[in-house]
Amino acid sequence: MADTDTIFAIATPPGAGGVGVIRLSGPGALAMGREVTGQALEPRRAAFCRFTDDSGEVIDSGIALYFQGPASFTGEDVVELQGHGSPVVQQMLSRRLAGLGARAARPGEFSERAFLNDKLDLAQAEAIADLVAAGSEAAARAAQRSLEGAFSDRVEALVARLVELRVFVEAALDFPDEEIDFIAESDVLDRLDALAADLNDLLAAAQRGQVLRDGVTVAIIGQPNAGKSSLLNALAGRDAAIVTDIPGTTRDVLRETLSLDGLPVHIADTAGIRESTDVVEAEGIRRARAALEVADIVLLVIDATRDIDAQRALAAEVPEGVAVIEVLNKADLAGLPVSVEESQRRVSLSARLDDGVGGLVRLLASTAGLGTASEGTFSARTRHLEALSCAAVHLAAGRVQLADYVSAETLAEELRLAQDALGEITGQVLADDLLGAIFSSFCIGK
Ligand SMILES: Nc1nc2c(ncn2[C@@H]2O[C@H](COP(=O)(O)OP(=O)(O)OP(=O)(O)O)[C@@H](O)[C@H]2O)c(=O)[nH]1
Ligand SMILES: [Mg+2]
């Protein structure tokens with residue numbers, strides 16, 4: 001399957017820097033590396049070299065490293081040229097390599113080759129991109145765990161049990177007369193249930209991993225002057241939004257991405273919702289309602305010194321399925337103690353004094369399904385969640401077949417489909433253009 005082109009890419013970020021790395025991979029990598037450096041290049045030995053152009057003139061000097069395939073990241077021969085981090089020098093070196101017949105790598109092509117050469121499975125390759133793009137420490141740790149196989153191992157353990165079950169059921173099919181007894185007398189149903197339960201646990205863990213990777217979208221809503229912008233500022237730890245005592249201060253939606261206890265949060269501060277004849281304010285209120293529609297979690301900010309029930313009525317506008325956290329603000333003025341009522345999804349705090357905001361952050365994390373135990377979480381993507389759900393659906397369908405109709409044949413088919421769905425996560429099963437869709441979103445040089 002391996003592509004036989006030799007590819008190259010600048011692996012360090014664009015711009016000037018201390019060191020600039022160009023990576024080469026493919027059957028011609030060693031010959032090209034030797035040509036550019038004029039040295040033999042021993043595997044895994046750093047060689048200080050001059051990098052020359054085709055007329056022998058020195059372009060740069062630096063270190064060349066050769067990794068002999070298959071003991072390399074891609075599984076092919078890989079050469080790294082580590083020169084100075086000058087965009088001009090790197091362009092000259094790139095031209096030199098192109099002149100020697102190498103081709104500029106597509107985004108993610110090194111990782112794709114690593115996958116095709118069995119150096120990593122698909123979920124691990126995706127974890128590389130997630131690690132590079134991680135927006136918080138917790139997300140980076142989760143991606144690292146996936147890269148090390150924490151997610152793939154659990155998927156593969158399920159696949160192994162599924163295969164055992166399939167072997168058993170399909171063996172039963174070979175003895176049609178005894179099929180029913182064979183299955184009824186065995187513990188297939190119990191094994192199926194245990195498998196489904198473990199699959200659900202994995203799905204829940206993957207959901208947490210996806211939240212860590214992609215973050216949650218939060219909208220702050222409430223009546224004018226309730227303290228929405230003050231709350232945003234307290235969460236952000238800086239003066240992101242204008243705060244005044246004039247109701248109707250915020251007009252536009254103000255978006256920030258914050259890392260709250262490691263959870264990436266895409267948060268929107270909005271205009272206070274009320275009846276307004278002011279054209280600008282009315283447009284702001286329309287936008288506030290639009291932000292509400294796309295949120296995963298809504299923070300309904302209530303001024304605790306005013307009529308609380310009247311302000312709560314806004315909760316009715318929140319779409320079904322969106323979690324609402326009630327924030328009783330201005331606790332200092334209202335003489336309320338700062339508190340968190342987890343089961344009620346309610347906190348009282350003072351945004352202005354930044355008192356009680358930590359409790360809100362913890363409630364946000366648990367509402368997002370993360371809880372405090374992000375320990376052991378691995379990163380996961382929507383694609384993985386879909387595959388796990390699909391496998392769960394087939395297991396459930398198979399169970400119905402067995403329990404209600406005693407059809408071993410349909411059970412066998414459902415088990416096969418469940419296995420295929422799981423196989424898509426690690427790349428054992430490849431749907432059309434899955435690789436293109438995944439690797440095209442990688443950065444170049446990875
Ligand atoms: N004492 C006290 N005052 C607060 C608190 N939170 C906000 N305020 C004050 O309430 C007023 C309104 O605060 P904002 O944060 O601008 O309120 P808002 O909900 O964004 O208002 P609009 O943008 O007009 O909808 C300001 O004078 C704040 O200083 C609080 O916890 N305690
Ligand atoms: Mg405001």
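Visitor: Which residue stands opposite phenylalanine 8?

Guide: Happy to start there! In this predicted model, phenylalanine 8 faces alanine 104, a residue of strand β6. The two strands involved, β1 (residues 7-10) and β6, run in the parallel sense and are joined by two bridges.

Visitor: And how should I read the sheet around them? What is the order of its strands?

Guide: Read across the sheet from one edge to the other. Here six strands form an open sheet in the order β3-β4-β5-β2-β1-β6, and the pairing is mixed.

Visitor: Which strands stand at the edges?

Guide: Those are β3 (47-52) and β6 (103-104). Each has a single partner strand, so one of its sides has no neighbour in the sheet.

Visitor: Which helices pack on the sheet?

Guide: Look at which strands a helix touches, then at its direction. Helix α1 (residues 29-37) is in contact with β2 (17-25), β3, β4 (58-67) and β5 (78-85), and its direction makes about 80° with that of β3. Helix α3 (residues 109-116) also packs on the sheet, touching β1, β2 and β6, with about 135° between its direction and that of β1.

Visitor: Now the metal. What coordinates the magnesium ion?

Guide: Look for the donor atoms. Ser229 offers OG and Thr250 offers OG1, at 2.0 Å from ligand 2, the magnesium ion. This pair links distant parts of the chain, 21 residues apart: serine 229 belongs to helix α9 (residues 228-236), while threonine 250 lies in the loop between α9 and β8 (254-260).

Visitor: Is serine 229 buried or exposed? And what about threonine 250?

Guide: Compare the relative accessible area with the cut-off: buried means under 20%. Serine 229 has 8%, so it is buried. Threonine 250, at 15%, is buried too.

How values were computed
Residues are numbered from 1 along each chain as its sequence is written. Chains are lettered from A and ligands numbered from 1 in the order in which they are written. This is a predicted model: local features need pLDDT of at least 70, side-chain atom pairs count only at pLDDT 80 or more; totals for chains, interfaces and linings use all residues. Side-chain values use heavy atoms; hydrogens and water are left out. Donors are N, O and S atoms within 2.8 Å of the metal (3.2 Å for Na, K and Ca); water is not among the atoms, so sites may look incomplete. Helices (H or I, at least four residues) and strands (E, at least two) are DSSP runs, numbered from the N terminus. Buried means under 20% relative accessible area, exposed over 50%, partly exposed in between (1.4 Å probe, protein chains only). Two strands pair if DSSP finds at least two bridges between them. Contact means heavy atoms within 4.5 Å. Axes are lines fitted to C-alpha atoms, for helices over the stretch in contact, and angles run from 0 to 180 degrees between N-to-C directions.
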